[in-house]
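Good morning, everyone, and thank you for letting me take a few minutes of the meeting. Please have a look at the sequence and the structure first, and then I will walk you through them slowly.

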Amino acid sequence: ITKTLPVEYNIDDNFRATASWPVRFFYLYVSLMAARPKYYFAWTLADAINNAAGFGFRGYDKNGVTRWDLISNLRIQQIEFSTSFKMFLDNWNIQTALWLKRVCYERATFSPTIQTFILSAIWHGVYPGYYLTFLTGVLMTLAARAIRNNIRHYFVESPAVKLCYDIITWMATQVAISYTVVPFVLLSVKPSFTFYSSCYFCLHIASIVVLLVFPLKRTQKGSKKHESVQPVWSKKLEEESLLQKNSYSTTNNSFSQKQEITCRYQVLKQ
C-alpha cells in the first residue's frame with residue numbers, strides 16, 4: 001500500500017495544484033495510516049518475544065484471565081480510534097513514552113512538555129525531520145490540551161452529543177497526527193517545508209491561535225514530581241523499616257510466648 005500511496009505524493013506539484021483540500025487531507029490521512037503497520041508488526045513481534053520469555057505477564061484480571069500486557073509497546077485499536085493527541089501518544093511506543101516521562105517530564109523544572117519532545121527528537125536521531133515533527137507536536141499537544149480542558153465538558157452530558165463530539169475529535173486528531181508526522185517520514189528539511197508551505201502552515205497557525213484564545217491550565221508539576229519521583233526510594237525505606245519493625249515485634253512476641261510457656265510448664269511440673 002505504501003508503494004501505491006506513498007507519503008511523498010503529498011508534495012507532488014501536480015497533486016498540490018489540482019487536488020482539492022478535502023482530497024488532499026484524505027490522502028494525507030490514508031498515506032500516513034498505510035505507513036504505520038510496519039511499526040505495528042515490529043512491536044507486536046517484540047511483544048510476542050517478551051511474552052514468550054514471561055516478561056509480559058501482569059497477573060490475572062477480575063475474571064481470572066491471564067494478562068500479558070506488562071511491557072507492551074502499542075495498542076493498535078486505541079491508536080486508530082484515538083480522539084485526542086494525548087490518547088494517540090499514550091498508546092504509541094508506550095515503553096519509550098514511559099521512559100521519557102520518568103527521565104525528563106517528571107524531573108523538568110520548566111516547560112516539561114517542550115523538554116520531553118526535544119529529548120524524544122534527540123533520542124530518535126539526527127534527521128531534521130524528527131525535530132520538525134516533535135516541535136510541531138509540542139504545539140499540537142498544548143493546543144489539544146487547551147481545547148479539551150475548555151470545551152469538552154460542554155459535550156459530555158448527552159450520549160448523542162458526546163458521540164458527535166468524539167467523531168469530530170477523532171477526525172481532527174487523525175488529521176493533526178498525519179500533518180505532524182509528515183517530516184518524520186520525509187526526514188529532510190526541504191520536502192518537509194514544501195509540505196507545510198503547501199498547507200500554508202494552517203495547523204501551526206491554528207494551534208497558536210488556540211493557545212492565545214483558550215487559557216491553558218497549569219499542571220501541579222511540583223507536587224506530582226515529589227509524589228512520583230521521591231517515593232521511589234523513600235517508600236523502599238519505609239517498607240524496609242516496616243519489615244524490620246514487624247520482624248522485631250514478631251521476634252519479641254515469639255520470645256515472650258516461649259517464656260510464658262516455660263513458666264507454665266515449670267508451675268505444672270511443680
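I will begin with the whole protein and then move on to a pair of helices, some charged pairs, one threonine and a patch on the surface.

Please keep in mind that what you see is a predicted model. The protein has 270 residues, of which 31% are buried, and its secondary structure comes to 13 helices and two strands. If we take the contacts with a separation of 6 or more, 61% of them are between residues 24 or more positions apart. The protein exposes about 17,800 Å², and carbon and sulfur atoms supply 65% of that area.

Let me turn to the pair of helices. Two packed helices are described by the angle between their axes and by the distance between those axes. Here I have chosen helix α8, which covers residues 128–151, and helix α10, which covers residues 189–198; their axes come within 8 Å and cross at roughly 35 degrees. The crossing of α8 and α10 is right-handed. If you would like to find the place where they meet, look in α8 for P128, L132 and T136, which meet V189, S192, F193 and Y196 in α10.

Now to the charged pairs. Side chains of opposite charge can pair when their charged atoms come close, and this structure holds six salt bridges. One of them joins the side chains of R16 and D13, with 2.5 Å from N to O. Because R16 and D13 are three residues apart in helix α1, residues 13–18, about one helical turn separates them. The two partners are not covered alike, since R16 is partly exposed at a relative accessible area of 24%, whereas D13 counts as exposed at 55%.

How far apart along the chain are E80 and R36, which form another of these bridges? They are 44 residues apart, so to speak linking distant parts of the chain, with E80 in helix α4, residues 76–80, and R36 in the loop between α2 and α3. Their closest N and O atoms are 2.9 Å apart, and both E80 and R36 are buried.

A further salt bridge is formed by D90 and K86, whose closest N and O atoms are 2.6 Å apart. Both residues lie in helix α5, residues 85–90, four residues apart, which is about one turn of the helix. D90 is partly exposed, with a relative accessible area of 37%, while K86 is exposed, with 54%. Salt bridges that share partners also join R58, R67 and D69 into one network.

Next comes the threonine, T96, which lies in helix α6, residues 94–105. Is T96 buried or exposed? T96 is buried, because its relative accessible area is 13% and the cut-off for buried is under 20%. Leaving aside neighbours within four places in sequence, T96 is in contact with N73 and W123. The C-alpha atoms of T96 and S120 are separated by 8.8 Å, although these two residues are 24 apart along the chain.

Finally, let us look at the surface. I205, I208, V209, L212 and V213 make a nonpolar surface patch of about 490 Å². Among them, I208 has its place in helix α11, residues 202–213, and is partly exposed, with a relative accessible area of 41%.

Methods:
Residues are numbered from 1 along each chain as its sequence is written. This is a predicted model: local features need pLDDT of at least 70, side-chain atom pairs count only at pLDDT 80 or more; totals for chains, interfaces and linings use all residues. Side-chain values use heavy atoms; hydrogens and water are left out. Patches are made of residues with over 30% relative accessible area and no salt bridge: like charges are joined within 9 Å, nonpolar side chains (Val, Leu, Ile, Met, Phe, Trp, Tyr) within 5 Å. Accessible areas come from the Shrake-Rupley method with a 1.4 Å probe; for residues, only the protein chains shown count as cover. A salt bridge is a side-chain nitrogen of Lys or Arg within 4 Å of a carboxyl oxygen of Asp or Glu. Buried means under 20% relative accessible area, exposed over 50%, partly exposed in between (1.4 Å probe, protein chains only). Axes are lines fitted to C-alpha atoms, for helices over the stretch in contact, and angles run from 0 to 180 degrees between N-to-C directions. A crossing is left-handed if the near helix is turned anticlockwise from the far one by less than a right angle, and right-handed if clockwise. Contact means heavy atoms within 4.5 Å.
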